[in-house]
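Colleague: Before we discuss this model any further, I would like you to take me slowly through one part of it. Please start from a single residue and widen the view to the spaces and contacts around it.

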Amino acid sequence: MVISFRGGFYGGLAIALCLGLYPIWLWQPERQVKRHTENFFHAIEHKNWEAAADFIATDYQDQWGDDRIRVLERLREGLRYVRSPRIIASNPNVQVETQRAFWSGKITLYSSDGDVMEVLDQRVNSLQSPFELEWHHLSGKPWDWKLARVSNPAFQIPADAY
């Protein structure tokens with residue numbers, strides 16, 4: 001089979017066009033926020049606190065009054081005894097504004113430990129309202145998104161947990 005110069009040129013042009021369009025597709029704000037949220041959840045599941053910290057903005061504040069340091073402490077404390085945690089997000093939705101994006105969805109936590117699952121079912125999995133994660137775009141880099149806030153009006157943290 002002989003490829004003509006014209007055929008090779010057009011084939012190379014098509015490949016270059018595809019390679020050029022892929023980053024544009026990949027770096028869309030909605031896709032980046034979805035991927036960041038998934039990767040943040042995976043870091044938590046693997047108890048990789050350094051990776052989880054990389055997703056959280058330095059000016060993080062949530063509805064429970066936690067800052068970046070405190071939310072990382074709470075995650076570490078809360079999942080210390082949870083074996084093989086899994087975080088499942090149902091029906092995620094992303095709304096993008098100029099430099100902010102809001103991810104919302106029902107979050108369900110799983111564990112291989114039956115006793116822990118009972119507590120998770122009562123405290124988190126039974127919530128009807130979705131969690132909302134607010135992400136901020138920090139620079140001109142399309143992948144530079146940081147978690148700035150988490151909220152869920154139905155999720156209450158007892159006073160004795162402080």
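In which helix does Asp121 have its place?

Modeller: The model is a predicted one, and the values below should be read with that in mind. Asp121 has its place in helix 5, and its relative accessibility is 38%, so it counts as partly exposed, a class that lies between the 20% and 50% cut-offs. Its C-alpha atom is separated by 8.4 Å from that of Thr108, a residue 13 positions away along the chain.

Helix 5 also leads to the largest pocket, since it is one of the elements that give two or more residues to that pocket's lining. The space in this pocket comes to about 970 Å³, and 32 residues line it, with Arg74, Leu75, Leu109, Val124 and Phe155 lying nearest the centre. Besides helix 5 (114-125), the elements that supply two or more lining residues are helix 2 (29-45), helix 4 (68-79), strand 2 (100-110), strand 3 (131-137) and strand 4 (145-151). Helix 4 gives the most to the lining, with 7 residues. In terms of chemical class, the lining holds 25 nonpolar residues, 6 charged residues and 1 polar residue.

Of the residues nearest the centre, Arg74 deserves a second look for its contact with Asp66. These two form a salt bridge in which the closest N and O atoms are 2.9 Å apart. Arg74 has a relative accessible area of 15% and is therefore buried, the cut-off being 20%. Asp66, with 3% relative accessibility, falls under that cut-off as well and so counts as buried. Both partners of this salt bridge are thus classed as buried, and one of them, Arg74, is listed among the residues nearest the centre of the largest pocket.

The structure holds 6 salt bridges, and two others are useful beside that buried pair. Arg70 forms one with Glu77, their closest N and O atoms being 3.6 Å apart, and Arg70, Glu73 and Glu77 are linked in a network of salt bridges. Glu77 has a relative accessible area of 42%, which makes it partly exposed. The other is between Lys34 and Glu30, where the closest N and O atoms are 3.6 Å apart. This pair belongs to helix 2 and, because the two residues are 4 positions apart, they are separated by about one helical turn. Lys34 is partly exposed at 31% relative accessible area, and Glu30 is likewise partly exposed at 39%.

Leu109, which was named among the residues nearest the centre of the largest pocket, also takes part in lining the largest cavity. A general remark may help here. Rolling a probe the size of a water molecule over the atoms shows where empty space is left. The count gives 1 cavity of 30 Å³ or more, and the largest cavity has a volume of about 40 Å³. Its lining is made by Ile44, Leu79, Val82, Pro85, Ile87, Leu109, Tyr110 and Leu120, and by class these residues divide into 8 nonpolar, no polar and no charged. The lining of the largest pocket, by contrast, includes 6 charged residues.

Between Val82 and Pro85, both of which line this cavity, the backbone at Ser84 is worth inspecting. Ser84 is found in the loop between helix 4 and strand 1 (86-96), and its phi is near 50 degrees, a positive value in a residue other than glycine. With a relative accessible area of 54%, Ser84 is exposed, since the class begins over 50%. Asn91, whose place is in strand 1, also has a positive phi, of about 50 degrees, although it is not a glycine. Its relative accessibility of 70% puts Asn91 in the exposed class too.

One surface feature remains to be set beside these lined spaces. Phe5, Phe9, Tyr10 and Leu13 form a nonpolar patch on the surface, and together they have about 510 Å² of accessible area. Phe5 lies in helix 1, which covers residues 5-26, and its relative accessible area of 73% makes it exposed.

Terms used. Residues are numbered from 1 along each chain as its sequence is written. This is a predicted model: local features need pLDDT of at least 70, side-chain atom pairs count only at pLDDT 80 or more; totals for chains, interfaces and linings use all residues. Side-chain values use heavy atoms; hydrogens and water are left out. On a 1 Å grid over the protein atoms alone, a cavity is a set of points where a 1.4 Å probe fits but cannot get out, and a pocket is an open set with protein on both sides within 12 Å along at least five of seven lines; lining residues have an atom within 4 Å of a point. Grid points are joined across faces, edges and corners, and a volume is the space filled by probe spheres set on the points. Ala, Val, Leu, Ile, Met, Phe, Trp, Tyr, Cys and Pro count as nonpolar, Asp, Glu, Lys and Arg as charged, and the others, Gly among them, as polar. Patches are made of residues with over 30% relative accessible area and no salt bridge: like charges are joined within 9 Å, nonpolar side chains (Val, Leu, Ile, Met, Phe, Trp, Tyr) within 5 Å. Accessible areas come from the Shrake-Rupley method with a 1.4 Å probe; for residues, only the protein chains shown count as cover. A salt bridge is a side-chain nitrogen of Lys or Arg within 4 Å of a carboxyl oxygen of Asp or Glu. Buried means under 20% relative accessible area, exposed over 50%, partly exposed in between (1.4 Å probe, protein chains only).
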